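Colleague: Could you walk me through reading this model, one feature at a time? I would like the general idea before each case.

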Amino acid sequence: MDRTQLLLTLSIALFCLGLVGVMIRRNALVMLMCMELMLNGVILSLVTFAERTATLSGAVLVFLVFVVAAAEIAIAIPIVLLLSRQRHTLDVGAYSELKG
Amino acid sequence: MSLETLLLYFFAAAALAGGVLMLIARHPMRVALALISSMLSLAGIYALLGVHVIAVFQVLIYVGAVMVFMVYVIMLLDVRDPSFLERYGRAMVPSVAIAAVLAVALSAAVSRGKMITAAELAPRHADRAAATFEVQPFSVEFIERYWLHFELTSVLLLAAVVAAIAVIKAGRRHDG
């Protein structure tokens, strides 16, 4: 298998594993981590294409995405902390009245 | 098979194994450790590709900042909460089916697509020097052409810090 194809397939596999994790796991923190896995899969495909076409701006874009991911975690964790302070559980089933 | 290809397959398998372990592991701390091993394998892949800057960023920012923060929060929260004992929610079968369909469709597209070779690609980028991903050319490009974006990320981080403080403050007012 070609190297690019191998890396793209790995990126797809990581994205889908993360997607399954977000949908089936119940713990809010685990769901957050599965979202990180999805993001990592997408970044892998971005790096693969940037390396293949030898574009430095791709590397800069990856750096910016890293910063955005760090900011995302910095917001998401306080929200999870607040949720767990209210109900004393991280099970997302306990927050089902949040829907619609 | 060269050593590089062998290492590439090894790191790819390790990243996949970390992803699968994340779905199986029960305790959030084990999930975090699986995610960390997956991210470290991805950093190895980036280093093998020659994209050293991104490999370093992956280790420093993701493993060093984001995941350490995550592990810290898990240790802070998970003392008496037994909710992790039940791993999976109700929508297990449809969600696995959706993800499987997505995976099959995407990998069919990838395997059908024709790969452009580097030689075909070269004339399109003839106007610019062959970019390498070492630290020095990256830094020069970054500071000379993308300094505004770099400054804007600091604004974004400042906004994130303010928002995090605001979220915590709002929760406190709600409690008391």
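Modeller: Happily. Let us begin with contact: two residues touch if their C-beta atoms, placed from the backbone, lie within 7 Å. By that rule, the contact between the chains takes 60 residues from chain A and 71 residues from chain B. Keep in mind that this is a predicted model, where local features need pLDDT of at least 70 and side-chain atom pairs count only at pLDDT 80 or more, while totals for chains, interfaces and linings use all residues. Residues are numbered from 1 along each chain as its sequence is written, and chains are lettered from A and ligands numbered from 1 in the order in which they are written.

Colleague: Which elements give two or more residues to the side of chain A that touches chain B?

Modeller: Elements are DSSP runs numbered from the N terminus, with helices being H or I of at least four residues and strands E of at least two. On that side of chain A they are α1 (3–24), α2 (28–53) and α3 (56–87). The most comes from α3(A), with 21 residues.

Colleague: How do the residues of that side divide by type?

Modeller: Ala, Val, Leu, Ile, Met, Phe, Trp, Tyr, Cys and Pro count as nonpolar, Asp, Glu, Lys and Arg as charged, and the others, Gly among them, as polar. Here there are 40 nonpolar, 12 polar and eight charged.

Colleague: How should I read the packing of α1(A) and α1(B)?

Modeller: Fit lines to the C-alpha atoms, for helices over the stretch in contact, and take the angle from 0 to 180 degrees between N-to-C directions. The two axes come within 9 Å and cross at roughly 10 degrees. That makes α1(A) roughly parallel to α1(B); angles under 35 degrees count as roughly parallel, over 145 as roughly antiparallel, 65 to 115 as roughly perpendicular and the rest as oblique. Among the residues that meet there are A:Leu10 and A:Leu14 from α1(A), and B:Ala12 and B:Leu16 from α1(B). The contact of these helices divides into 13 nonpolar, two polar and one charged.

Colleague: And which residues of the largest nonpolar core touch the most other members?

Modeller: Burial comes into this: a residue is buried if 20 or more other C-beta atoms lie within 10 Å of its own, exposed if 12 or fewer, and partly exposed in between. A nonpolar core joins buried Ala, Val, Leu, Ile, Met, Phe, Trp, Tyr and Cys residues through C-beta atoms within 7 Å. Of the 63 residues in this core, those touching the most other members include A:Met33, B:Leu35 and B:Ile54. A:Met33 touches B:Met22, B:Val31, B:Ala32, B:Leu35 and B:Met70, not counting residues up to four places away in sequence.

Colleague: Is B:Val135 buried or exposed?

Modeller: B:Val135 is exposed, because 11 other C-beta atoms lie within 10 Å. This residue sits in helix α6 (residues 135–145) of chain B. B:Val135 and B:Ile54 are 81 residues apart in sequence, yet 9.6 Å apart in space, C-alpha to C-alpha. Beyond its neighbours within four places in sequence, B:Val135 is in contact with B:His52 and B:Val53.

Colleague: What does chain B look like overall?

Modeller: Chain B has seven helices and zero strands, and buried residues make up 22% of its 176 residues. An automatic or database assignment supplies domain bounds: chain B is divided into domain 1 (1–79) and domain 2 (146–176). Their centres, taken over C-alpha atoms, are separated by 27 Å.
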